[in-house]
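Reader: I am new to this structure. Could you walk me through it with short questions and answers?

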Amino acid sequence: MTVTRAAATSAQDVAALPAIVVDRRRTRRRAAWRRRRLVLLLMSPWIVGFTVFFGYPLVMSAYLSFTHYDLLNPPKWIGLANYRYMLQDDPQFWGAVRNTLWLVAFMVPAQVLFAFGVALMLSRARQGVGFFRTIFYLPALVPPVAATLGFVYILNPANGPVNTILGHLGISGPLWFQSPQWSKPSLTLLAAWAVGNVMIIFLAAILDVPRHLYESAQLDGAGPLQRLRWVTLPSISPVMLFAVIIGVIQALQYFTQAYVAWNIAGGQASQAGSVSTVELGYPEGSTLMYPILLYQNGFRYFHMGYASAMAMLLLGVAFVLTLIILRNSRRWVHYAGAAR
Amino acid sequence: MKRVATAALLVAALTLAAGLIGSARSSASAAPRAKQAPVKLTLWVGWSARELNVFKKVVAEFDKARPNIDVKVVGGINDEKIIAAMRGGNAPDVVSSFTSSNVGNFCASGAWIDLGPYLQRAKIALSTFTPATLYYTQYKGNRCALPVLADTFGLYYNKKLFKDAGLTAPPKTFEQLTEYAKKLTKKNANGTIKVAGYNPVFGFYQNSAANYGPLWGAKWTNPKGASTLATSPGWSKLLRWQKSLVDWYGYKNLVKYNAGAGDEFAASHPFETGKMAMMMDGEWRVAFIEAEHPELDYATAPMPVDSAHPELYGAGYVNGTIIGIPKNGKNREQAWQLLRYLTTNTHALAVLSNGLRNVPSTRASLKSKELKPDPRFDTFLKVFAHPKSSTTPITAVGSAYQDLFTSFLAKYQAGRVGSMQSGLRNLDKQIDKQLKQAGGGVP
Amino acid sequence: MPFGVRPIVRRKPPRAVRRRRFLLAVANHSLLIAAAIAFLAPVTFITLTALMTNQQALSADLWPRPFRWSNFADVFHQAPILRWTFNTMMYSVLATLGVLVSSIPVAYALSRLRWRGRDAVFLLVLATLMLPPQVTVVPLYVMWSKLDLVGTLWPLIIPVWLGDAFSIFLLRQFFLTIPEEYLDAARVDGCGELRILTTVVMRLAKPAIAAVALFSFLYTFNDFFLPLLYVGENPHNWVLSIGLAQFRNLHQVQWNLTMAATLLVMLPVIIVFFLAQKAFVEGVTLTGVKG
């Protein structure tokens, strides 16, 4: 029994009773029209929103990507010049691409594995599950700007607590956010700290694995590691795959943490008050992510045409990923919420 | 019943919010037309904290003398905000920027209006201003800004630390600077830096390529406007000198030192607290030290120069605060009155110079009797007047070409550039292409 | 529950097995405790620094001596935190209202009404959820600047009044779980679809609506990119995330005060979490493992 059929029959019942002779088709058509109007009415906010905030800007972006546009003077058609500059000449473009790919290749797997590990430990805990779950989940709620500020201070190589403690242990700590080799791993640490959402999803998935599977595996003589490999992992693989894809999408738009970390860490060692004197992606461009470069070009240099060209490329990549997700949406649709 | 109440609440909340969120804007746009009500002007400046208060006092004098104008000063503004505001159509009436090399951005795009007609109408001759300031307030003849105070750079040194190390006079060449720096540096047991003799890291406080350029006779561009970082010998000499001193300290040690050094404009500044013996800084530091650490025993001198060019000694980098009227500002006439007062009134400039210890930017105010004499500040007036002092080229991309150089220098000083010369050649190509792309991508 | 399948239920395992299980549990808990300490460490250090003097914050000391509680008061003197909080609340409340008003009907149409193209539209909604905001940002900025609204919070608020993909998704998932019988009963009573939505569905979906409101609050509270873009230039309309990121630049304030401000910004979220823990748990389950 579906909603529509129910609605249709009830409408029919009401309409059909007094008018036996009247053209039934007309009644049905009117009911259909009324239903369509209802759907349109309910959907109207989204239809307007989608048109204005997705349809229009996508078309406009495509157009602007072929122009030179500074927002003050009308766009000037320059053909493929933006794309050529982007792929061939822009000294920062490939660095930003590499940085974003680094996130995809290292930060995302690290985050997923870490979340899985914590969830696994939690699933086996007997005491204080609620307490531990709260502690592991809470950092996910901390505003990213606040979390980043905190981490930049804690990981300050000169007088931050982490290096101080490492120093007491006789270890000379790394330069963290001040070094191009360590800045992205530092951001990864930050990401691991705020991994709560994925962790909760993993936890639920692990607890959902039917018990009897474990028991029969145990009867077959499987040890804990083998059970993990042959029972837990296969059962939660859709969740894992989902977590990876969502992680990749988030990595593509990774902005806040890198932007704040570079401004604060870079500002520490340079002129305060003026972002423009801090080197882009401090240190040595290592935190200049693709969306940040797009932002810089579009809204600091106001090369809006060029920023649009960068947006089109990002759109292409996101589109492919989205297709992958939607193709398998039947399996994943339940998890898509974590994209936010 | 309940639904009606909810709806009513919703509407009420919305109206309230509309009023509150909109308030900032409506107050600006609904400028009262009545004769009595004063015109409200908004002025954006980069100064903050103590400096902002000094500036506000000068503006208050202007305000008081003109009952028909009411000026609101907003401090702590940087160029990012200025550019965003002008493109976003949300600009103030008068706007000023610390980054004079961005004047190309403002003039070329038409974001700031041409002040030429206003100057002509008010019969203000260009010779009112000093030559260097005239250069960085225009782009290709379009004078879209005027100077309000100027900045020059010199050497600050701690006299007590000098005495302890047996030194008497400031260094005059970069070789000497290195030698002194080594003598003045004190290290902790674990090899980290306790007191830095001279911190040469690019990006640290005022250590920028632009500020060092004039000291090595280095040129940014050739007459055709092409970048000459690889061909003007000053740059490679500067880089080699800088790298050798960085390597002496150990790059990692310097990074650590910088990370723990505290803020440049806070009382914890390492020079002010005796953790740094020498530094390159602008003239404003004199006022900061007076306000924060009057007990500090220090002196100032021109920066040392390349020993092959002794004639450069006494020169330095010059730039300054520029001020203009945004195209989308509202009250241009009143804005011009304020701008004129701030840029040409000898008394205003002298008071500002005394309070901020910035260099006055008109010929008359440089000789004003009101200026408080101070030998440590006079150094900078002399640097300002030196014929070899210079500023950075004004381009249509503002200082974006310097961003590219900065990125290169960061890699270079960390020891991650294979060949300096080919790196610089590459950089020249990139900067030329960047300029072309910004100009519209059409050759 | 498939019972009767398992042969013999709890037989006491042999001693060696019990001992091994016990040791494993101890090992597991030790790891958990270590991880918990690592997770708490950042907040602990932030708190300690927030109580130090600036001199101490710049030194290698870990423990504040003396405790400077006045730092928290100083934060309010140094920066217009109240103004930022007010703006943030404005953004949060208006956006959350908008999300609810616009997304509930859409979610209803996408879950409980059948019409041609519904599934395709739902996929489109999902697609917009996946799209990085940077893709559409240039033309939108141009649009808002033409409307003279850059510098205000409206470019952040108005779009969510026209449907928010995440909330639509979440609500749809919940609406699907409402048993058809409830709706049918209402229909028999002669209710139109709109009445059913505003009475039956909304009443039954209270937990989901609470979760959506909560997530919307969180999202707006933490949002940085869009506020940076649209109100970054206008300090009057700054929200907490922007204010905090600019905090050090504003007044050359010190690390101890910066950490105190950081803590103050974290606080509301944590309070909300403990007040609304149940709604959270239900919300996360809804996004995560509804199946």
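Reader: How many residues of chain C are in contact with chain A, and which helix of chain C gives the most to that side?
Author: This is a predicted model. In it, 92 residues of chain A are in contact with 86 residues of chain C. On the chain C side, 13 residues come from one helix, the one that gives the most. That is helix 1 (residues 15-50) of chain C.

Reader: By class, how many residues on the side of chain C that touches chain A are nonpolar?
Author: Nine residues on this side are charged. Another 20 are polar. The nonpolar residues number 57.

Reader: Is chain C spread out or compact, and what is its radius of gyration?
Author: Chain C has 15 helices and zero strands. For 291 residues the globule rule gives 19 Å, and the radius of gyration of chain C is well over that, so chain C is more spread out than a compact globule. Its C-alpha trace spans about 75 × 70 × 35 Å along the principal axes. The radius of gyration of chain C is 25 Å.

Reader: What share of the residues of chain C count as buried?
Author: A residue is buried if 20 or more other C-beta atoms lie within 10 Å of its own. Chain C has 291 residues to test. The buried share is 51%.

Reader: Which residues of helix 6 of chain C are buried?
Author: Helix 6 (residues 137-146) of chain C is mostly covered, with seven of its ten residues buried. After this helix comes C:Asp148, with a positive phi near 65°. The buried residues are C:Val137, C:Val138, C:Pro139, C:Leu140, C:Tyr141, C:Val142 and C:Trp144.

Reader: How many residues does the largest nonpolar core have, and which helix gives the largest share?
Author: The core has 307 residues. Those with the most contacts inside it are A:Met199, A:Phe202, B:Met278 and C:Leu171. The largest share is 13 residues, and it comes from helix 4 (residues 81-111) of chain C.

Reader: Which residues is A:Met199 in contact with, leaving aside its neighbours within four places in sequence?
Author: A:Met199 is among the residues with the most contacts inside the largest nonpolar core. Sequence neighbours within four places are set aside here. The contacts are A:Ala115, A:Val118, A:Ala119, A:Phe136 and A:Tyr137.

Reader: How many residues of helix 8 of chain A are buried?
Author: Helix 8 of chain A covers residues 183-193 and is mostly covered. Its buried residues include A:Leu187, A:Leu190 and A:Trp193. A:Lys184 is buried as well. Of its eleven residues, the buried ones number eight.

Reader: Which residue of strand 9 of chain B does B:Ser96 stand opposite?
Author: In strand 3 (residues 94-97) of chain B, B:Val94 and B:Ser96 point one way, and B:Val95 and B:Ser97 the other. Strand 3 of chain B runs parallel to strand 1 (residues 39-44) of chain B, where two bridges join them. It runs antiparallel to strand 9 (residues 318-324) of chain B, with three bridges. Opposite B:Ser96 stands B:Ile323.

Reader: Why is B:Val383 counted as buried?
Author: B:Val383 is found in helix 16 (residues 375-385) of chain B. Beyond its neighbours within four places in sequence, its contacts include B:Thr152, B:Pro302 and B:Ser389. A residue is buried if 20 or more other C-beta atoms lie within 10 Å of its own. B:Val383 is buried because the number of other C-beta atoms within 10 Å is 25.

Methods. Residues are numbered from 1 along each chain as its sequence is written. Chains are lettered from A and ligands numbered from 1 in the order in which they are written. This is a predicted model: local features need pLDDT of at least 70, side-chain atom pairs count only at pLDDT 80 or more; totals for chains, interfaces and linings use all residues. A nonpolar core is a set of buried Ala, Val, Leu, Ile, Met, Phe, Trp, Tyr and Cys residues joined through C-beta atoms within 7 Å. A residue is buried if 20 or more other C-beta atoms lie within 10 Å of its own, exposed if 12 or fewer, and partly exposed in between; C-beta atoms are placed from the backbone. Helices (H or I, at least four residues) and strands (E, at least two) are DSSP runs, numbered from the N terminus. Two residues are in contact if their C-beta atoms, placed from the backbone, lie within 7 Å. The radius of gyration is taken over C-alpha atoms; the globule rule is 2.2 Å times the number of residues to the power 0.38. Two strands pair if DSSP finds at least two bridges between them. Ala, Val, Leu, Ile, Met, Phe, Trp, Tyr, Cys and Pro count as nonpolar, Asp, Glu, Lys and Arg as charged, and the others, Gly among them, as polar.
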